[in-house]
Amino acid sequence: MEEPSVGPSWQDAEPPPPFLGAISALFDNDSFSGNDNRYTGGLAFAWTSAAAETYRKRHLHRKIVNAFSFLPTVGATGYQNYLQFVVGMEAYTATDIKLADPPPGDHPYAGILYLDSTIMSRTRVANHQLTLRLGFVGPASGASEIQRWLHDILGDPIPQGWDTQLENEPIVNLYYQYNRRLLRSAPADGGGVDISCNGGAGFGNYYIGANVGVTGRAGYRLPDNYGITPLMGGAESMAGLPPPRKKFCVYGFISSQAFGIARWLPTDGNTFVDSRSGDRDTWFASVSAGIVMGFSRVLLSYRYHGIAGLTDPENFKTAIRDDFGTIMLTVFLG
């Protein structure tokens, strides 16, 4: 079904961009939850463009969008298209980081270095997000050195099992996510709420699976975007209007997701060579909640994530769940 059109077409617009995009820095760490195992931390730096249609016709951003116009929504009338690039690192450890040789079936040590390239097409009621992830897993990621350095600075125990980590392997993965706004009542200078649903899937040697979920937000001067993207499903999405200049905004959110996962490289191990692997569920549920505060063109957010397998009630215990917190700073340029 064709998505509803919102406003005029931007295809032939020639004005300068209203802003120059956004840069974001993201820090994940499970120390926020009191655990220190499995997904133990991550760093990422992102750049998101302004709507490509606001740039001049010969600008690189519009040329990239035109190159992908064979996709159903990219460059279509009524859609705004955004580009996003993310460089990130993830670190995974065994349950007991004091052991130099974790037991069979425990979560293997894994370091991930990746580049996500995303094109987003959005209207006022829907957002399509296609992401290509390229990277590699293994010692070449540098995750072991970064984690040891951070633990030394923070005075935390140094993980002892990095000599057993997964072998070097390239990563190629494709993700698709769809968000649909179900409700929005959010005046520009007042309190508001919105609710959206989402669904998506990924395929490659890093992640094969699908997800479905719902997100609710409430606050003051709620921004015109779709909030966070699901865990295990690609990068954070910051496409949308920036906060109003010289004004304060704040909102909270809660998001629930369900996942079916056929492959998850950090747990399942290397694809092409023998390696360690861990036991895991096929079905997962996650809950994320947090707060976002902004002034002018700066946004600061904190989010708490909890994720657990669904087949065993023991997985919902705090010591077993994969809980972690995320701090993200975003600055809109221009």
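This report covers two buried residues and a set of paired strands in a predicted model.

## Basis

Local features need pLDDT of at least 70 and side-chain atom pairs count only at pLDDT 80 or more, while totals for chains, interfaces and linings use all residues. Residues are numbered from 1 along each chain as its sequence is written, and side-chain values use heavy atoms, with hydrogens and water left out.

Helices (H or I, at least four residues) and strands (E, at least two) are DSSP runs, numbered from the N terminus.

## Gln147

Gln147 sits in helix 2, residues 143–154. Its relative accessibility is 5%, so Gln147 counts as buried (under 20% relative accessible area; exposed is over 50%, partly exposed in between; 1.4 Å probe, protein chains only).

Leaving out residues up to four places away in sequence, Gln147 touches Thr40, Ala91, Thr93, Pro159 and Trp162. Contact means heavy atoms within 4.5 Å.

## Tyr82

Tyr82 belongs to strand 3, residues 80–93. Tyr82 is buried, at 3% relative accessible area.

The side chains of Tyr82 and Gln80 make a polar contact of 3.4 Å (a pair of N or O atoms within 3.5 Å; within protein, one must be able to donate a hydrogen and the other to accept it, and residues adjacent in sequence count only if both atoms are side-chain atoms). Ala52 is 30 residues from Tyr82 in sequence, yet their C-alpha atoms are 5.8 Å apart.

## Strands 7, 8 and 9

Strand 7 (residues 191–204) and strand 8 (residues 207–220) run antiparallel, joined by 12 bridges. Two strands pair if DSSP finds at least two bridges between them. Two residues separate strands 7 and 8 in a hairpin. Asn198 has Gly213 in strand 8 as its bridge partner.

Strand 8 also runs antiparallel to strand 9 (residues 248–264), with 14 bridges. Here Tyr207 stands opposite Trp264 of strand 9.
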